[in-house]
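Here's a quick walk through a small protein model, written for someone who would rather be at the bench. Have a look at the structure first, then read on.

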Amino acid sequence: MNDYTCYHCEHQVSHVHPVTFYETDGERNELLCKECYAEWLESIKG
Ligand SMILES: [Zn+2]
């Protein structure tokens with residue numbers, strides 16, 4: 001069952017990772033698939 005939609009690539013996936021984006025107007029919680037989560041981790045590492 002693919003129950004979730006990735007916030008970034010909009011793929012339907014069975015497992016997602018919750019992430020918190022920090023923006024100028026505050027925090028936003030979103031769900032990312034494994035691939036997008038890995039990219040996001042790389043992006044915050046710098
Ligand atoms: Zn994704």
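## Starting from the tail end

Right after α1 comes Gly46, and its phi is positive, near 90°. Keep in mind that this is a predicted model.

Let's stay with the helix for a moment. Helix α1 covers residues 34-45, which makes 12 residues. From its first C-alpha to its last it reaches 17 Å, close to the 16 Å expected at 1.5 Å a residue. Is α1 well covered or hardly covered? It's hardly covered: among its 12 residues, the count of buried ones is one.

Now step back to the whole chain. The protein has one helix and four strands, and starting at the N terminus the order is β-β-β-β-α. Measured out along the principal axes, its C-alpha atoms fill a box of roughly 35 × 20 × 15 Å. Of the 46 residues, 7% count as buried. As for contacts between residues at least 6 apart in sequence, 26% of them join residues at least 24 apart.

Here are the three elements with residue ranges worth keeping at hand.

| Element | Residues |
|---|---|
| Strand β3 | residues 17-23 |
| Strand β4 | residues 26-32 |
| Helix α1 | residues 34-45 |

Next, the strand pair. β3 and β4 form a hairpin, with two residues between them. The two strands run antiparallel, and seven bridges join them. One of the pairings is easy to find on screen: Glu23 has Gly26, in β4, as its bridge partner. How many of the seven residues of β3 are buried? The number is zero, so β3 lies largely in the open.

A bit of background helps when you look at a strand like this: in a regular strand, side chains alternate between the two faces of the sheet.

Finally, zoom in on one residue. Arg28 sits in strand β4. Is Arg28 buried or exposed? A residue counts as exposed with 12 or fewer other C-beta atoms within 10 Å of its own. Arg28 has 11 C-beta neighbours inside 10 Å, so it counts as exposed.

Which residues does Arg28 touch, if you leave aside its neighbours within four places in sequence? Arg28 is in contact with Phe21 and Glu23. That's the Glu23 whose bridge partner is Gly26. His15 is another matter: it is 13 residues from Arg28 along the chain, and their C-alpha atoms are separated by 19 Å.

Terms used:
Residues are numbered from 1 along each chain as its sequence is written. This is a predicted model: local features need pLDDT of at least 70, side-chain atom pairs count only at pLDDT 80 or more; totals for chains, interfaces and linings use all residues. A residue is buried if 20 or more other C-beta atoms lie within 10 Å of its own, exposed if 12 or fewer, and partly exposed in between; C-beta atoms are placed from the backbone. Two residues are in contact if their C-beta atoms, placed from the backbone, lie within 7 Å. The expected span of a helix is 1.5 Å times one less than its number of residues. Two strands pair if DSSP finds at least two bridges between them.
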